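I opened this model to look up its surface, its fold and its nonpolar interior, and I kept the entries in that order.

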Amino acid sequence: MDHAMHHHADAAPGATWPTAIRATLHCLLGCAVGEILGMVIGTALLWGNVPTMILAIGLAFVFGYSFTLFAVVRAGVSPKAAVKIALAADTVSIAVMELVDNAIIALTPGAMDAQLSEGLFWYALIGGFAVAFLVTAPVNKWMIGRGKGHAVVHAHH
């Protein structure tokens, strides 16, 4: 394949930055809702850092998938097919988002022990989400350009 054909393949329809940014914001919203809820629950129950993070990450996946699931079902897709679409659309995006976000939180001195009422907790969380967004957007653009990730969802809108 010559360079011109390869370049054209990378510019697949739907692989624009605005599309990737919308997909990443969608992922970020689901991750943020789930993660914050998990941290609030874990902190309220006086759980340690590890069980709280496991709950928060698990809920980030649940909420991330559910946002896509509800949108696709609302568009007329069967629930069984919608689950497959949500898994295909969001797994890599949520995994990258959660990996980066939680690494930032874990590497921020004192953030793991900060309480919900402390600024450090929220600054680390928001900073983690910001960095995760910047890392995940190019991943989503690359996947959409290859007909994967959120490109799977766009066929049902």
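I looked up the accessible surface of the protein, which comes to about 8,500 Å², with 75% of it belonging to carbon and sulfur atoms; areas are from the Shrake-Rupley method with a 1.4 Å probe, and for residues only the protein chains shown count as cover. I note that this is a predicted model, in which local features need pLDDT of at least 70 and side-chain atom pairs count only at pLDDT 80 or more, while totals for chains, interfaces and linings use all residues. Residues are numbered from 1 along each chain as its sequence is written, and side-chain values use heavy atoms, with hydrogens and water left out.

For the fold I found 6 helices and 0 strands, taken as DSSP runs (helices H or I, at least four residues; strands E, at least two) numbered from the N terminus.

I then checked burial (under 20% relative accessible area is buried, over 50% exposed, in between partly exposed), and buried residues make up 38% of the 157 residues. Trp47 lies in the loop between α2 (17–44) and α3 (49–74), and it counts as partly exposed because its relative accessibility is 39%.

Inside, I looked at the largest nonpolar core (buried Ala, Val, Leu, Ile, Met, Phe, Trp, Tyr and Cys residues joined through side-chain atoms within 4.5 Å): of its 22 residues, Cys31, Met39, Met97 and Leu125 touch the most other members. At least two residues of this core come from each of α2, α3, α4 (79–107) and α5 (119–145). Apart from it lies another core, of 6 residues, including Val77 and Val153.

Key. Buried means under 20% relative accessible area, exposed over 50%, partly exposed in between (1.4 Å probe, protein chains only).
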